[in-house]
Structure formats: C-alpha cells, structure tokens
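Here is a short set of exercises with worked solutions. Keep the viewer open beside you and try each task before reading on.

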Amino acid sequence: LASRLKIRSQSLYAHVDGLDGLLRDLALDSVRTLGDELRSSVIRRSGRGALEAIADAYWAFARAHPGRYAATIRDPGDDDELREANLRAAEALCRVLESFGLAGADEVHAHRAVWSGIHGFLTLEHAGVLRRPASVRESYRRMIGIYADAFAPPS
C-alpha cells in the first residue's frame, strides 16, 4: 500500500492502526458504501420487486468490488462505529422483509436466512465453485424467488 501511495511504509502508521486498523477501516467504508447502495436499490419498492432489487444490488456490489464485499463480513466486536454501520446497512433488507408483513422474530429469522443465502451464494460464485452447466445468475434469481414465494402472504 505504501508503495502504491508513494510514501514510506512507516508513514502509513500515522493514518492507520496497523494491519487490523486498515482492515477495520476498509470494512467500515465498505459496509457504509454497500448500505447506501442497498437503500438506493429499494426506493419506492416493496415485496417481491424490492427483494429482487436488493439481491441485484448485493450481486452488483460483490461483482464490482469482491475484496470490499468480503471486507463487509467482519465481527464488529466492541467497535460501536462498525456495529452501527452494520445495523444501518441491514435496515434496507429489514424494511423489504417488513413489506411482506414480517415483524418481530419472524423478520429476524427471515433476515438471517436471506442474508446468509445471498452471502453464501455470492461467496461460492466468487470462489468459482458453481460450475454445473446452468446459468449461475439464473440460479441466484431463482433462489431469491424461492424466498419471495415463502414470504408472500397467502392468497
């Protein structure tokens, strides 16, 4: 990093607290950026359309910034600023799930399922292990459709 910035490596420590501090700052900036993109993706949307839009925003961010996407998966521990950024980033998906009528513990369980599904899928796709002969993007879309169908209120 120092060579890319054309500074001495010792000078970096005036700006970051070692490698962990650099990774923390990368996580914080990445979570904030992803959160902004997630919120923008669902404006004036609800239900299935909102869930598809948020899934597309995750897909686009992970494809465009794989390292930054990976950096968003960090336990905040006692870092209040990172914890708050994570909560703010999660708000968009929470609102989408609420638009299906989910509330309380049902919304929390659904949030964990969707977020885990999206993150797991994107992690596997990035690792290049989804090699069976069918469109990976279509598989992703169908997974989101399965969630939307499961959350839709009975007709």
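**Exercise 1. The largest pocket**

Task: Find which element gives the largest share of the lining of the largest pocket, then describe that pocket.

Solution. Begin with the share: α6 supplies four residues of the lining, the largest contribution. Bear in mind that this is a predicted model. Next comes the volume, which is about 380 Å³ for the largest pocket. The lining has 17 residues, and those closest to the pocket centre are Thr72, Ile73, Asn86, Ala90 and Trp115. Two or more lining residues come from each of α3, α6 and α7. Finally, sort the lining by class: ten residues are nonpolar, three polar and four charged.

**Exercise 2. The second largest pocket**

Task: Work out which elements give two or more residues to the lining of the second largest pocket.

Solution. List the lining residues to begin with: Asn86, Leu87, Ala90, Glu91, Cys94, Arg95, Glu107, Val108, His111 and Arg112. The elements that give two or more of them are α6 and α7. Of these, α6 has the largest share, with six residues. By class, the lining has four nonpolar, two polar and four charged residues. The volume of this second largest pocket is about 200 Å³.

**Exercise 3. A histidine in the lining**

Task: Decide whether histidine 111 is buried or exposed, and say which residues are in contact with it beyond its neighbours within four places in sequence.

Solution. Locate the residue: histidine 111 is part of helix α7. Then check its relative accessible area, which is 15%. The cut-off for buried is under 20%, so histidine 111 counts as buried. With neighbours within four places in sequence left aside, its contacts are Ala90, Leu93, Cys94 and Leu97. Two of those names, Ala90 and Cys94, also appear with His111 in the lining of the second largest pocket.

**Exercise 4. Checking helix lengths**

Task: Test whether the end-to-end distance of helix α4 agrees with what its 18 residues should span.

Solution. Helix α4 covers residues 47-64, and at 1.5 Å a residue it should span 26 Å. Its end C-alpha atoms are 26 Å apart, so the two values agree. Now repeat the check on α3: its 24 residues reach 35 Å from first C-alpha to last, close to the expected 34 Å.

Take the next step and look at what each helix buries. In α4 the buried residues are Gly47, Ala50, Leu51, Ala53, Ile54, Ala55, Ala57, Tyr58, Trp59, Phe61 and Ala62. Their cover includes α3, α5, α6, α7 and α8. In α3 the buried residues include Gly18, Arg24, Leu28, Val31, Leu34 and Arg39. The cover over the buried residues of α3 includes α4, α5 and α6.

**Exercise 5. Aromatic pairs**

Task: Say how many aromatic pairs there are, then classify the pair of tryptophan 59 and tyrosine 140 from its ring geometry.

Solution. The count is five aromatic pairs. For tryptophan 59 and tyrosine 140, the ring centres are 4.9 Å apart and the planes meet at 45°, so this pair is tilted. The pair joins distant parts of the chain, with tryptophan 59 in helix α4 and tyrosine 140 in helix α8, 81 residues apart. Both of these residues are buried.

Now try tyrosine 147 and phenylalanine 151. Their ring centres are 6.1 Å apart and their planes are at 15°, so they are stacked. Both sit in helix α8, four residues apart, about one turn of the helix. Tyrosine 147 is buried at a relative accessible area of 16%, and phenylalanine 151 is buried at 14%. To finish, look for a cluster: Trp59, Phe121 and Tyr140 form one.

**Exercise 6. The whole chain**

Task: State how many helices and strands the chain has, and what percentage of its residues are buried.

Solution. The chain has eight helices and zero strands. Its C-alpha trace spans about 65 × 40 × 25 Å along the principal axes. Of its 155 residues, 39% are buried. As a last step, take the contacts between residues at least 6 apart in sequence: 66% of them join residues at least 24 apart.

Key
Residues are numbered from 1 along each chain as its sequence is written. This is a predicted model: local features need pLDDT of at least 70, side-chain atom pairs count only at pLDDT 80 or more; totals for chains, interfaces and linings use all residues. Side-chain values use heavy atoms; hydrogens and water are left out. The expected span of a helix is 1.5 Å times one less than its number of residues. Buried means under 20% relative accessible area, exposed over 50%, partly exposed in between (1.4 Å probe, protein chains only). Contact means heavy atoms within 4.5 Å. On a 1 Å grid over the protein atoms alone, a cavity is a set of points where a 1.4 Å probe fits but cannot get out, and a pocket is an open set with protein on both sides within 12 Å along at least five of seven lines; lining residues have an atom within 4 Å of a point. Grid points are joined across faces, edges and corners, and a volume is the space filled by probe spheres set on the points. Ala, Val, Leu, Ile, Met, Phe, Trp, Tyr, Cys and Pro count as nonpolar, Asp, Glu, Lys and Arg as charged, and the others, Gly among them, as polar. Rings of Phe, Tyr and Trp (its six-membered ring) pair if their centres lie within 6.5 Å; planes under 30 degrees apart count as stacked, over 60 as edge-to-face and the rest as tilted.
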